[in-house]
Structures are given as C-alpha cells and as structure tokens.
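Biologist: I'd like to go through this model with you one question at a time. Ready?

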Amino acid sequence: MPPIPGSGLAKGLAVTLRTMTKRTVTAQYPDVQPELPPRSRGVIGLFEENCTVCMLCARECPDWCIYIDSHKETVPPAAPGGRERSRNVLDRFAIDFALCMYCGICIEVCPFDALFWSPEFEYAETDIHELTHERDKLREWMWTVPEPPALDPGAEEPKEVAAARKTADKLQARAAQEAEAQAAEAAQEAQRGRTAEEEGQQ
C-alpha cells in the first residue's frame, strides 16, 4: 500500500507538538550531578597490579597517546635449583587526554584487564599540558569504575568458567574413584583378617 501523501509531515508535526507541550527541565549542574548511563566513557582507569607491560595498548592506540616506561627485574627461583626469571616492572603509565579520542581500543585489547572505563568526566585543566595524567591519577579513577552488570540468566556460560568447572569435575571424580578404591581395599583387608582369624580358631 503506497504511503499517504503528507504522512511524513504529519508525523514530524506530531513530534514537534509533543515536545512543545513537555515541561522544560534545566539540569542544575554542577550543584546536581547528572545521572550518566552505566557504560559512559569518561576517562580510563588503570589497575596497575594487572599490567604486565605487554605494550599492546600503546601499540594499538591510533592516537599514540599512551606512554609506558618499564625496566626488567630478576626474580629469584621459586624452588632450590630453579632458574632465575626476569619480569617487567612498570615505571610510568600515562595517557594524554588532549589526544585521546575515547575509542576504547586500548581497553578492548588489554589481555589482563588492566584498563577500564570510568564515568568520571570532571578533569578539565587550564593548561593543555596538564591533560597528560600519570598512573597515580589513573589509579584514583580506577576506584570510580562501576561494578560490571550481572550476566543474563539465559546467557551462555563463559568458556573460562566452563573449562574450570570441567577440570574441577574431573578432579572430583578422580578423588571419588580413589576413595572408593581405598574403601574397597580396606574392606578386602578386613575380610582377609576375619578369614585368617576364623582359620586360626579352627
């Protein structure tokens, strides 16, 4: 059925009339903080305990606004006769928010969950050079990161959880088999003991 001529204009006018009849609401910022959506992109928080200085975030950043410095440190062997290992120690982690375009690539590519979106947005500066925030400031923003939303009850179980549960089930089944084998062996030992006692009485 072809559309009625002028129906689009009528729909547009209806939207305009509905908007005209609504009461105007003024946001009283900064006295009243705005209610931000749960996945707002404010700034990037750093959980530096998870950072392994793999440099993936800095390499994948299209703006090259992430600056990372580190040094290698030798770790003594965990057991006698073991080999010494070396690990990267984070010295500097800074993000230049004057260059950042909030694409979120660094957060997506981080394999160790060291970067998170924070809804914090009040970080304006009078000097553009002060928009380069070091890891101490990024760490402070980490505590403003909201809790992740609950999983959908009908969603598929994460692969990591499924693999861990499968391993736990195998270990539990093996432990049960070993317990049954030990119980059977103990029962046989008791039976042999009773048989030997009966033979001794005869």
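Modeller: Sure, ask away!

Biologist: How do the residues lining the largest cavity divide into nonpolar, polar and charged?

Modeller: A cavity is a set of points on a 1 Å grid over the protein atoms alone where a 1.4 Å probe fits but cannot get out, and lining residues have an atom within 4 Å of a point. Ala, Val, Leu, Ile, Met, Phe, Trp, Tyr, Cys and Pro count as nonpolar, Asp, Glu, Lys and Arg as charged, and the others, Gly among them, as polar. Sorted that way, the lining of the largest cavity has 13 nonpolar, 1 polar and 1 charged.

Biologist: And which residues are closest to the centre of the second largest cavity?

Modeller: That one is lined by 13 residues, and by class they come out as 11 nonpolar, 2 polar and no charged. Closest to the centre are Cys51, Cys54, Cys57, Cys110 and Ala114.

Biologist: Before we go on, what sort of model is this?

Modeller: Residues are numbered from 1 along each chain as its sequence is written, and side-chain values use heavy atoms, without hydrogens or water. Local features need pLDDT of at least 70 and side-chain atom pairs pLDDT 80 or more, while totals for chains, interfaces and linings use all residues, since the model is predicted.

Biologist: Okay, now the sheet. What is the order of its strands?

Modeller: Strands (E, at least two residues) and helices (H or I, at least four) are DSSP runs, numbered from the N terminus. Two strands pair if DSSP finds at least two bridges between them. Here we have an open sheet of 3 strands, paired antiparallel, in the order 2-3-5.

Biologist: Which strands sit at the edges?

Modeller: An edge strand here pairs on one side only. That description fits strand 2 (66-75) and strand 5 (132-133).

Biologist: Over how many bridges do strand 2 and strand 3 pair?

Modeller: Strand 3 covers residues 85-96. You can spot one bridge by looking at Asp69, whose partner in strand 3 is Arg92. Strand 2 and strand 3 run in the antiparallel sense, and the count is 10 bridges.

Biologist: Is His133 buried or exposed?

Modeller: Find His133 in strand 5. Among the residues it touches (heavy atoms within 4.5 Å), leaving out those up to four places away in sequence, are Phe93, Ile95, Tyr123, Leu138 and Trp141. Buried means under 20% relative accessible area, exposed over 50%, and partly exposed in between (1.4 Å probe, protein chains only). His133 has 7%, so it's buried.

Biologist: Is the peptide bond from Tyr29 to Pro30 cis or trans?

Modeller: Look in the loop between helix 1 (7-21) and strand 1 (43-46), where Pro30 lies. Most peptide bonds are trans. With omega near 10 degrees, the bond from Tyr29 to Pro30 is cis.

Biologist: What is the phi of Trp64?

Modeller: Trp64 belongs to the loop between helix 2 (56-60) and strand 2. Its relative accessibility is 58%, so Trp64 counts as exposed. Most residues other than glycine have a negative phi. Trp64 isn't a glycine, yet its phi is positive, about 55 degrees.

Biologist: Last one: is Tyr102 buried, partly exposed or exposed?

Modeller: Tyr102 lies in the loop between strand 3 and helix 3. Tyr102 also has a positive phi, near 55 degrees, without being a glycine. Its relative accessibility is 23%, so Tyr102 counts as partly exposed.

Note on methods. On a 1 Å grid over the protein atoms alone, a cavity is a set of points where a 1.4 Å probe fits but cannot get out, and a pocket is an open set with protein on both sides within 12 Å along at least five of seven lines; lining residues have an atom within 4 Å of a point.
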